[in-house]
Amino acid sequence: MPNALASFPDLAPALPELLLAITALVLVLIGAFRGEQSTGAVTGVAFVALVGAVILVVLQPSATAVTFNGAFVVDAFARFMKIAAIIGGATVLLMAGSYFQRIGESRFEFPILVVTSTLGIMMMISASDLIALYLGLELSSLSLYVIAAIDRDNTRATEAGLKYFVLGALSSGMLLYGSSLVYGFTGSVGFAQISAALKGQGSTGVIFGLAFILAGLSFKISAVPFHMWTPDVYEGAPTPVTAFFAGAPKIAAMALLVRIVMQAFPSITAQWQQIIVFVAIASMGLGAFAAIGQANLKRLLAYSSIGHMGYALVGLSAGSSNGVAGVAIYMAIYLVTTLGVFACLLAMRTKDGYVEKIDDLAGLGRTNPGMAFALAMLMFSLAGIPPLAGFFAKWYVFVAAVEAKLYALAVIGVLTSAVGAFYYLRVVKVMYFDESKESFEPMGGILQGVIGVSAIFTLFFWLYPAPLVSAASAAAKSLF
């Protein structure tokens, strides 16, 4: 008995994950017994559980903790990314309620799937070996496949879910194949053990394995050339689902990408750096040019997200502590800005239903000046116009690239950012200079709050950036 207790893993570092796991099991039972009438209660409990998970993450000791035989690590980087991801999931839960009620598709399964997906996301962020990486990724992905098609009577949503499932299965296969190659050539699945086995040199097999792993993770952040699912899923899935896709899963996949290259493959930086630089350039280029002709706001945001993942990868390309800090800052600012934009989308409803076309924003500056101003500021921030938060996000990753002497990458990033500003400014032009259309119905208090917080953060981030910057710097240093 004493031996059994001695071998039992320390569960303290995984308390936030245990809270979400237990909550999900309880909510499934509540939903099974009470049916659709339990949707409101299930949503409320799910939100409280996510808030509780954030509190538990914040209260964790600052020292790095490792459990489950080294497979699960909690350090400053994990805590930073987990807080951002959970906030994204909790905010989407708040915004989703009125939307699903209005379209008559209120289901108790949605908040449960958000909780289980967030649980997988947190496991991804703390993964310290290839097996834990895959378990977290699949737990999150299986929930996301269902969420994408949760509006079962909508053909577009069903198509979006099927496309994401098929392409997601392909990416999982690539990730598994790459992991098996790395294990075969190093004899280890732990990131620290893989790094020690390489001893400064990577064989051809290891490099091939790493390339497949990076390909699988690139799919999850919708980076080129594994972006093909993004526009269709963004457009077809219900808007709250799209908002969730745009935030928490991408933060987790980016965190996992950072952790694996920095902790498992630091000795072959020159090899993985070439892959990351190519993916960053391709993503920035496609995001800048492909969005220009889009008429649907959700498709525009899909191509915008592809571009923004490219900008975040610029920081990772530097392979330095400042570069990782830049990635963390970029993802946090991107999350807040994107949630604000999707809150505006959810507020765009007339008596005939929700609208998504850019032209439907015509004259919004006159019919709803408050929302128009907030959306304009968020668009300017996504474009990287100073002194808004989005400018500083790009500033930190570009400075890291310059410090690493990746001058061409930084220049390409600035140029594609200038091109991308065109379609953001087009939205502002339609709101303020086109002939007015039918005004939107009044928005709920939750949407007003999300839009207001996002706009204030975007506008005034430059006044006091120190808390976010210092937290991101501490997070980055914990990986080195």
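These are my notebook entries on a predicted model of one protein.

**Confidence.** I began with how far the prediction trusts itself, and found that the protein averages a pLDDT of 88, with 98% of the residues scoring at least 70. I then looked up the extremes, and saw that confidence is lowest in helix α1 (residues 2-7), where the mean is 52, and highest in helix α18 (residues 389-403), where it reaches 93.

**Core.** Next I turned to the largest nonpolar core, which has 170 residues, and noted that F110, I260, F265, W272, L313, L316 and L361 are the ones that touch the most other members. Helix α15 (residues 321-347) gives this core its largest share, 19 residues. I followed one of the core residues, F265, and leaving aside residues up to four places away in sequence, I listed its contacts as V182, I194, L198, V206, L210, I260 and W272.

**A helix pair.** I looked up how helix α4 (residues 76-102) lies against helix α12 (residues 248-264), and found an angle of about 165 degrees with the axes 9 Å apart. Since angles over 145 degrees count as roughly antiparallel, α4 and α12 are therefore roughly antiparallel to each other. The crossing of α4 past α12 is right-handed. For the residues that meet, I wrote down F77, A78, M81, A84 and A85 on the α4 side, and A248, I251, A255, V258 and R259 on the α12 side.

**A buried helix.** Last, I checked helix α11 (residues 239-246), in which eight of the eight residues are buried, so the helix is largely enclosed by the rest of the structure. I recorded these buried residues as T239, P240, V241, T242, A243, F244, F245 and A246.

Methods. Residues are numbered from 1 along each chain as its sequence is written. This is a predicted model: local features need pLDDT of at least 70, side-chain atom pairs count only at pLDDT 80 or more; totals for chains, interfaces and linings use all residues. Side-chain values use heavy atoms; hydrogens and water are left out. pLDDT is the predictor's confidence in each residue, from 0 to 100. Helices (H or I, at least four residues) and strands (E, at least two) are DSSP runs, numbered from the N terminus. A nonpolar core is a set of buried Ala, Val, Leu, Ile, Met, Phe, Trp, Tyr and Cys residues joined through side-chain atoms within 4.5 Å. Buried means under 20% relative accessible area, exposed over 50%, partly exposed in between (1.4 Å probe, protein chains only). Contact means heavy atoms within 4.5 Å. Axes are lines fitted to C-alpha atoms, for helices over the stretch in contact, and angles run from 0 to 180 degrees between N-to-C directions. Angles under 35 degrees count as roughly parallel, over 145 as roughly antiparallel, 65 to 115 as roughly perpendicular and the rest as oblique. A crossing is left-handed if the near helix is turned anticlockwise from the far one by less than a right angle, and right-handed if clockwise.
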